[in-house]
2 protein chains.
Amino acid sequence: MKLYDCATAPSPRRVRIFLAEKGIVVPTVQVDLRNGEQFTPAFRAVNPDATVPVLQLDDGTRIADAIGICVYFEASQRDPPLMGNDARSRALITAAQRRAERDGFYAVMEALRNATPGLKGRALPGPDDYEQIPALAERGRARVARFFAALDEELAGREFLCGERYSIADITALVAIDFAKWIKLGVPESCMHLRRWYDAVASRPSAKA
Amino acid sequence: MKLYDCATAPSPRRVRIFLAEKGIVVPTVQVDLRNGEQFTPAFRAVNPDATVPVLQLDDGTRIADAIGICVYFEASQRDPPLMGNDARSRALITAAQRRAERDGFYAVMEALRNATPGLKGRALPGPDDYEQIPALAERGRARVARFFAALDEELAGREFLCGERYSIADITALVAIDFAKWIKLGVPESCMHLRRWYDAVASRPSAKA
């Protein structure tokens, strides 16, 4: 088994934190995204989508999606559960993870990819080239600000995003917030609950992954 | 238990098909999206995000996300499995579902919401108003065309998106393709494999849900 990874990229970091929380070690192959290694024929043979992370199983099966990979490890090694332990908690964690991804992670990505000079023509990850849309970068920044405010409100009465237990929803939100630093957006001082939560999750050993 | 639904909307249709495949019947409450019922204080008290579907459990818990709701029912009633039955198939189905959602369902939504006159100022679902971005509508249409071509290629050697078994990935792809009719994009004649698959999944009784 091996994980195609890129140590500096936020998307595979979600998997790395997930694995660190479970105490699972998987050999990694570093893919040099900065120099376009994802577009080489060699890597396109691994993942035609030209993205990381990709988990390759011993039978050759490849899972080319961060959450798909987490699902694999959650099903293979239950403890500690990071995606819920009954129908209700699984459903709530799934919903919260997707929300943090849509309103946080993807909003940051939109803002970054549609404004960074080095990403001209690369407004979306993947094999196809799309031109940057400046209005989308602007919208992305507005959405990130709302994401911070919404998270702050949610965390007012809770230790973690889905209650008393750390979950994959916290991982996505943490990675989204650190990703937002790339576009120079930080959690406002006024978001006390979010800051308290961030300090807690960012100081877990897994956050270094 | 009850499901806040809108019989004409594609997002809750994913849940309705999922339930029909499992043979589960849940009482529904219809929310009149066309007349803005999702923005009323009464519905905002149910879901501050102002979207359907929402599943309300008997203990009052609300799950306000289509895939989160499917996870709930998959965990409550395993048969027939629509999200995989071991670590490998769960991971692959998760990845395929997310891909169909991102490249198909969301691309259609982008194209529709950024171009429809009646949706001015409503370029994203949810509580916040965002202006339409015409370039994003155009990009959405280009992405849908690529989605059709990619699906066609994938289905060349397979009965369903994840092999021999119908799954939630097929549901998302089917709903995305029907949703594309709203923006007048249909599967090209040349996409033989995709057309064969579409005929098969669209003629299952669940597709009427």
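The buried residues of α3(B) are covered by elements that include α4 (87-113) of chain A, along with α1 (10-22), β3 (54-56), β4 (62-63) and α6 (168-180) of chain B. In this predicted model, α3(B) is mostly covered, with 9 of its 11 residues buried. The buried positions are A66(B), I67(B), G68(B), I69(B), C70(B), V71(B), Y72(B), F73(B) and E74(B). The cover of this helix thus includes elements of both chains.

Confidence in the prediction was examined for the chain and for the complex. Chain A has an average pLDDT of 97, and 100% of the residues score at least 70. For the complex, the predictor gives an ipTM of 0.97 and a pTM of 0.97.

The arrangement of the two chains was considered next. Chain B is superposed on chain A by a rotation of 180° with 0.0 Å of shift along the axis, at an RMSD of 0.0 Å. The two copies are therefore related as by a two-fold rotation axis. Among the residues of chain B, L136(B) comes closest to the rotation axis, its C-alpha lying at 4.0 Å.

At the interface, 27 residues of chain B are in contact with 28 residues of chain A. On the side of chain B that touches chain A, two or more residues are contributed by each of α3 (66-76), α4 (87-113) and α5 (134-154) of chain B. The most is given by α4(B), with 8 residues. By class, this side of chain B has 16 nonpolar, 4 polar and 7 charged residues. Of the interface residues of chain B, 100% are also interface residues in chain A, so the copies meet through the same surface.

Within the chain, a division into domains was also described. Chain A is divided into domain 1 (2-76) and domain 2 (87-208), and the C-alpha centres of domain 1 and domain 2 of chain A lie 20 Å apart. Their contact takes 12 residues from domain 1 of chain A and 11 residues from domain 2 of chain A. On the side of domain 1 of chain A that touches domain 2 of chain A, helix α1 (residues 10-22) of chain A gives the most, with 7 residues. By class, that side of domain 1 of chain A has 7 nonpolar, 1 polar and 4 charged residues.

Residues of the segment 10-22, assigned to helix α1 of chain A, also appear in the surroundings of A209(A). This alanine is found in the segment after α7 (192-202) of chain A. Leaving aside neighbours within four places in sequence, A209(A) is in contact with R13(A), R16(A), I17(A) and A20(A). Because A209(A) has 17 C-beta neighbours inside 10 Å, this residue counts as partly exposed. The C-alpha atoms of A209(A) and A145(A), 64 residues apart along the chain, are separated by 26 Å.

The strands of chain B were analysed last. An open sheet of 4 strands in chain B has the order β2-β1-β3-β4, with mixed pairing. The edges are occupied by β2 (28-30) and β4 of chain B, each with a single partner strand, so one side of each is left without a neighbour in the sheet. The strands β3(B) and β4(B) run antiparallel and are joined by 2 bridges. In β4(B), R62(B) is the bridge partner of Q56(B). Both β3 and β4 of chain B are also among the elements that cover the buried residues of α3(B).

Note on methods
Residues numbered from 1 in each chain as written. Chains lettered and ligands numbered in written order. Predicted model: local features only at pLDDT ≥ 70, side-chain atom pairs only at ≥ 80, totals over all residues. Least-squares fit on C-alpha atoms with pLDDT ≥ 70 in both. Contact = placed C-beta atoms within 7 Å. Nonpolar A, V, L, I, M, F, W, Y, C, P; charged D, E, K, R; others polar. Domains from an automatic or database assignment. Buried ≥ 20, exposed ≤ 12 C-beta atoms within 10 Å, placed from the backbone. pLDDT = per-residue confidence, 0-100. Pairing = 2+ DSSP bridges.
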